[in-house]
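This report describes the architecture of a two-chain model, beginning with its pockets and then turning to the individual chains and selected residues.

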Amino acid sequence: MTYVVTDNCIKCKYMDCVEVCPVDCFYEGENMLVIHPEECIDCGVCEPECPAEAILPDTQPGLESWVKLNAEYAPVWPNITIKREPPADAKIFDGIANKFDQYFSANPGQGDQVMKTNLAD
Amino acid sequence: MISSAEKLNHVSEVGIRRLVDAFYAKVRLDPELAPIFARAIPGDWQPHLTKMYAFWSSVMLTTGRYKGNPVVKHLVIPGIHPHLFERWLALFNETSSELFDDGVSEEFRAKAARIAESLKLALFYRPDRPWPPESTR
């Protein structure tokens with residue numbers, strides 16, 4: 001039992017969750033985040049932090065496809081622990097239903113690595 | 001034992017320290033848990049206690065003070081067994097009820113139970129074996 005990131009994260013990606021997660025289990029795609037099911041300890045801290053209310057317990061019915069998607073992409077997308085600026089149009093996309101079909105991107109996001117490189121420069 | 005009037009009615013860093021200190025004092029006297037913890041923490045306990053203050057601060061006050069990987073930490077503990085989580089939880093619940101009023105105590109206990117269950121799953125769940133693993137006790 002863990003938490004999963006769901007549809008409303010897509011193109012919103014506020015990233016408030018990554019700052020509060022005690023176990024750094026968020027991974028970043030191009031336009032959404034996912035939770036690594038083997039690292040999440042089910043503490044629930046992230047759920048109320050998400051302004052888009054996109055984080056839900058995987059015990060909630062109807063989330064099977066999101067459970068699968070989180071498990072599939074967490075191992076291949078980069079880890080993210082530092083919040084950045086959300087997309088400029090995040091608010092416009094917040095609340096739009098069924099964003100997955102139209103907007104989901106399987107491409108990895110930049111993760112923390114780019115941030116660290118920039119800081120070192 | 002403190003009287004019910006003195007019990008803490010909100011979560012704070014001070015309350016978390018009291019809980020962690022009192023809880024691990026019990027752990028170190030517990031016949032089942034003490035040997036496991038003594039092997040995992042052979043020397044100074046303060047670094048562990050400090051880490052636990054940060055962990056519970058992150059979980060209860062969303063401060064982000066703890067950053068770590070508890071699953072990996074628990075994987076390497078010799079002698080760790082699913083039934084020890086029950087003992088851990090019983091002592092934690094007892095300590096939490098002694099220090100906090102019913103509402104706050106329940107908040108701690110609910111978090112602890114979920115985290116314990118997820119750690120247990122991460123450490124012991126195998127798709128080809130029965131769950132929960134009571135039969136292996």
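The second largest pocket is lined by 13 residues, and those nearest its centre are Thr2(A), Pro37(A), Glu38(A), Leu121(B) and Ala122(B). Two elements of chain B, α4 and α6, each give two or more residues to this lining. The greatest contribution is that of α6(B), with three residues. Sorted by class, the lining has nine nonpolar, two polar and two charged residues. The volume of this second largest pocket is about 270 Å³. The model is a predicted one, and every value in this report is computed from it.

**The largest pocket**

The largest pocket has a volume of about 780 Å³. Its lining comprises 29 residues, and Phe37(B), His48(B), Met52(B), His74(B) and Ile77(B) lie nearest its centre. The elements giving two or more residues to this lining are α2 (33–40), α3 (46–61), α4 (70–75), α5 (82–99) and α6 (102–124) of chain B. Of these, α3(B) supplies the largest share, six residues. The lining has 23 nonpolar residues, together with three polar and three charged ones.

**Helix α3 of chain B**

The helix that gives the largest share of that lining can be examined further. How does the span of α3(B) agree with 1.5 Å a residue? The 16 residues of α3(B) should span 22 Å, and the end C-alpha atoms are 21 Å apart, which agrees. Buried residues of α3(B) include His48(B), Leu49(B), Met52(B), Tyr53(B), Phe55(B), Trp56(B) and Val59(B). Two of the buried residues, His48(B) and Met52(B), are also among those nearest the centre of the largest pocket. The buried residues of α3(B) pack against α1 (13–27), α2, α5 and α6 of chain B. Just after this helix, Thr62(B) adopts a positive phi of about 45°.

**The two chains**

Chain A contains five helices and four strands, arranged along the sequence as β-α-β-β-β-α-α-α-α. Its radius of gyration is 13 Å, close to the 14 Å that the globule rule gives for 121 residues, so chain A is as compact as a globular protein of that length.

Chain B has six helices and zero strands, and its pattern along the sequence is α-α-α-α-α-α. The radius of gyration of chain B is 15 Å, close to the 14 Å given by the globule rule for 137 residues, so this chain too is as compact as a globular protein of its length.

The table lists the extents, buried shares and long-separation contacts of the chains. The last column gives the share of contacts with a separation of 6 or more that is due to residues 24 or more positions apart.

| Chain | Extent along principal axes (C-alpha) | Buried residues | Contacts 24 or more positions apart |
|---|---|---|---|
| Chain A | roughly 45 × 30 × 25 Å | 52% of 121 residues | 79% |
| Chain B | about 50 × 30 × 30 Å | 42% of 137 residues | 73% |

**Loop residues of chain A**

Phe104(A) lies in the loop between α4 (99–103) and α5 (113–120) of chain A. Is Phe104(A) buried or exposed? With a relative accessible area of 18%, Phe104(A) is buried, because the cut-off for a buried residue is under 20%. Leaving aside residues up to four places away in sequence, Phe104(A) touches Ile10(A), Asn31(A), Met32(A), Leu69(A), Tyr73(A), Trp77(A) and Lys99(A). Between the C-alpha atoms of Phe104(A) and Val5(A), which are 99 residues apart along the chain, the separation is 13 Å.

The loop between β3 (33–35) and β4 (55–57) of chain A holds Asp42(A), and Glu53(A) is placed in the loop between β3 and β4 as well. Asp42(A) is not a glycine, although its phi is positive at about 65°. Glu53(A), likewise a residue other than glycine, has a positive phi near 50°. Which of the terms buried and exposed applies to Asp42(A), and which to Glu53(A)? Asp42(A) counts as buried, at 2% relative accessibility, whereas Glu53(A) is exposed, with a relative accessible area of 64%.

How values were computed. Residues are numbered from 1 along each chain as its sequence is written. Chains are lettered from A and ligands numbered from 1 in the order in which they are written. This is a predicted model: local features need pLDDT of at least 70, side-chain atom pairs count only at pLDDT 80 or more; totals for chains, interfaces and linings use all residues. Side-chain values use heavy atoms; hydrogens and water are left out. On a 1 Å grid over the protein atoms alone, a cavity is a set of points where a 1.4 Å probe fits but cannot get out, and a pocket is an open set with protein on both sides within 12 Å along at least five of seven lines; lining residues have an atom within 4 Å of a point. Grid points are joined across faces, edges and corners, and a volume is the space filled by probe spheres set on the points. Ala, Val, Leu, Ile, Met, Phe, Trp, Tyr, Cys and Pro count as nonpolar, Asp, Glu, Lys and Arg as charged, and the others, Gly among them, as polar. The expected span of a helix is 1.5 Å times one less than its number of residues. Buried means under 20% relative accessible area, exposed over 50%, partly exposed in between (1.4 Å probe, protein chains only). Contact means heavy atoms within 4.5 Å. The radius of gyration is taken over C-alpha atoms; the globule rule is 2.2 Å times the number of residues to the power 0.38.
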